[in-house]
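Reader: Kindly take a close look at a single part of the structure shown below. Please then set that part in its wider context, and state the cut-off behind each term.

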There are 2 protein chains.
Amino acid sequence: MGSKERILRLKEETRTSILDAALNIVQTEGWQALSMRKIADQIEYTAPIIYEYFPNKEGILLELTRRGYQILGKAIREARDDHEKPEDKMEAMWVAYWNFAFSHKEFYQLMYGVDMVCCTVKNSMQEAEQVSAMLGDVIESLFKNKPVTEDDICMKYYTYWSIIHGLISINLVRPNGRTTDELNQQILKDAIKGITLSINS
Amino acid sequence: MGSKERILRLKEETRTSILDAALNIVQTEGWQALSMRKIADQIEYTAPIIYEYFPNKEGILLELTRRGYQILGKAIREARDDHEKPEDKMEAMWVAYWNFAFSHKEFYQLMYGVDMVCCTVKNSMQEAEQVSAMLGDVIESLFKNKPVTEDDICMKYYTYWSIIHGLISINLVRPNGRTTDELNQQILKDAIKGITLSINS
DNA sequence: GTAAATAATCTAACACCGTTAAGCAAATGT
DNA sequence: ACATTTGCTTAACGGTGTTAGATTATTTAC
């Protein structure tokens, strides 16, 4: 039965083709246009077979969320490894986060923006925790006066995240506002530097 | 025809009863549970009559958004009038904003959180502009070196808003996180003071 | 090779959604 | 008393996520 592997590989292929189709629809028509039947259309099947690969629509969204965190994690990891000094690491990592939000707008909306309701599941997602762990580590290394408590790190982490997520939200929501890109980058970097400086003061 | 006024008043009553019903459903079951038929059930009518009072579902949401901005505007105005010094005004206003977000969670989600997609309509809402105008005015008064450009105000406005909206989002999304209320309030006030200080440096 | 068993896929349906059109019944105007 | 308008309902359309049953294709067993 050497064909068993081939069949398993085929199943894996259509599984990812479902995810690709979903992502494709979202990128061209937005989240609200994503429907099971439309996904089925695109992979040239009928809707019910999707339920052989995912428990329901939310299952697809969850898997896409995981994908998003993998991409984000890779970007942040690379930004971190591109620098030596913690201060530079930190700025580069948050800029990577910022860039991810705009180059993968749909992912970011899924991960942080779209429906504030659910989100209970995502708490226990390995990939998400990896991202916050990386950021937390660098934040810890920013403190000169050791030892550092968990709460210290947590507080600074939320401070960073808040201003960056806030800036991103506002810019995703109002892309045609009066703010220019340079202005935003300036706000972003100023804010990062400000928080970073405030850590040892 | 003295009854004409009475009839008009009745119509206005059911109009607000529609809004009240919608709000009630959202508060008890969340935004995703809001449907025209459920609203109709609650006001003891059938769904189609709602369309005599609102053009569509989004019309209801828009009116609720307006209501939200009225409440928020009142809170911010009062916070402003409770203090003399611009620095105190600013802090009180943003704390009012913060408190609004949590005491009127559903409104805040509607105004800033739920579906990042549309939002094109809300740009031209009088009530929303009043709020940002109030905040902008106080921000302007914080600058000691006049004259101030529109861009200066805009930038600081976005900086304030970003960090506060970011903090709120994160706390609305992850209410059971490791952050305590005091910690959040500390982050909030620290951030406000930080931005305020940075204005004249 | 043929028959039974299993897997893959589809059709049809359910219950819900937002929305619209047609119809009915009561109140109103003439 | 008749015609007209008003208030409201029922029924329907096209869409959604999801499930059950039938159908077809493939694999297995003899």
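Author: **Two rings in one helix**

In chain A, W98(A) and F102(A) belong to helix α4 (residues 86–103), where four residues, about one turn of the helix, separate them. A helix here is a DSSP run of H or I of at least four residues, a strand is a run of E of at least two, and both are numbered from the N terminus. The model is predicted, so local features need pLDDT of at least 70 and side-chain atom pairs count only at pLDDT 80 or more, while totals for chains, interfaces and linings use all residues. Residues are numbered from 1 along each chain as its sequence is written, chains are lettered from A and ligands numbered from 1 in the order in which they are written, and side-chain values use heavy atoms, with hydrogens and water left out.

Over all chains, the structure holds eight aromatic pairs. One of them joins W98(A) and F102(A): the ring centres are 4.8 Å apart and the planes meet at 50°, so this pair is tilted. Rings of Phe, Tyr and Trp (its six-membered ring) pair if their centres lie within 6.5 Å; planes under 30 degrees apart are stacked, those over 60 are edge-to-face, and the rest are tilted. W98(A) is buried, at a relative accessible area of 5%, whereas F102(A) is partly exposed at 32%. Buried means under 20% relative accessible area, exposed means over 50%, and partly exposed lies in between (1.4 Å probe, protein chains only).

In chain B, W98(B) and F102(B) form a tilted pair, with 4.9 Å from centre to centre and 50° between the planes. These two residues likewise lie four apart in helix α4 of chain B, about one turn of the helix. W98(B) is buried, with a relative accessible area of 5%, and F102(B) is partly exposed at 33%. Helix α4 of chain B (residues 86–103) also holds E91(B). With a relative accessible area of 18%, E91(B) counts as buried. Beyond its neighbours within four places in sequence, E91(B) is in contact (heavy atoms within 4.5 Å) with K189(B), I192(B) and K193(B).

Returning to chain A, ring pairs also link W94(A), Y97(A), Y108(A) and Y160(A) into a cluster. Chain A as a whole has eight helices and zero strands, and 48% of its 201 residues are buried. Of the contacts in chain A between residues at least 6 apart in sequence, 67% join residues at least 24 apart.

The DNA strands complete the setting. DNA strand C is surrounded by 16 residues, the closest being T46(A), M36(B), R37(B), Y51(B) and K57(B). Of the atoms of DNA strand C that come within 4 Å of the protein, sugar and phosphate account for 56%. One phosphate contact is made by a polar side-chain atom of T46(A), 2.8 Å from a phosphate oxygen of DNA strand C. M36(B) places a backbone N or O atom 2.8 Å from a phosphate oxygen of that strand. A polar contact is a pair of N or O atoms within 3.5 Å; within protein, one must be able to donate a hydrogen and the other to accept it, and residues adjacent in sequence count only if both atoms are side-chain atoms. For DNA strand D, an N or O atom in the side chain of R37(B) lies 3.4 Å from a base nitrogen, while a polar backbone atom of K57(A) lies 2.8 Å from a phosphate oxygen.

Technical notes. Near = heavy atom within 4 Å.
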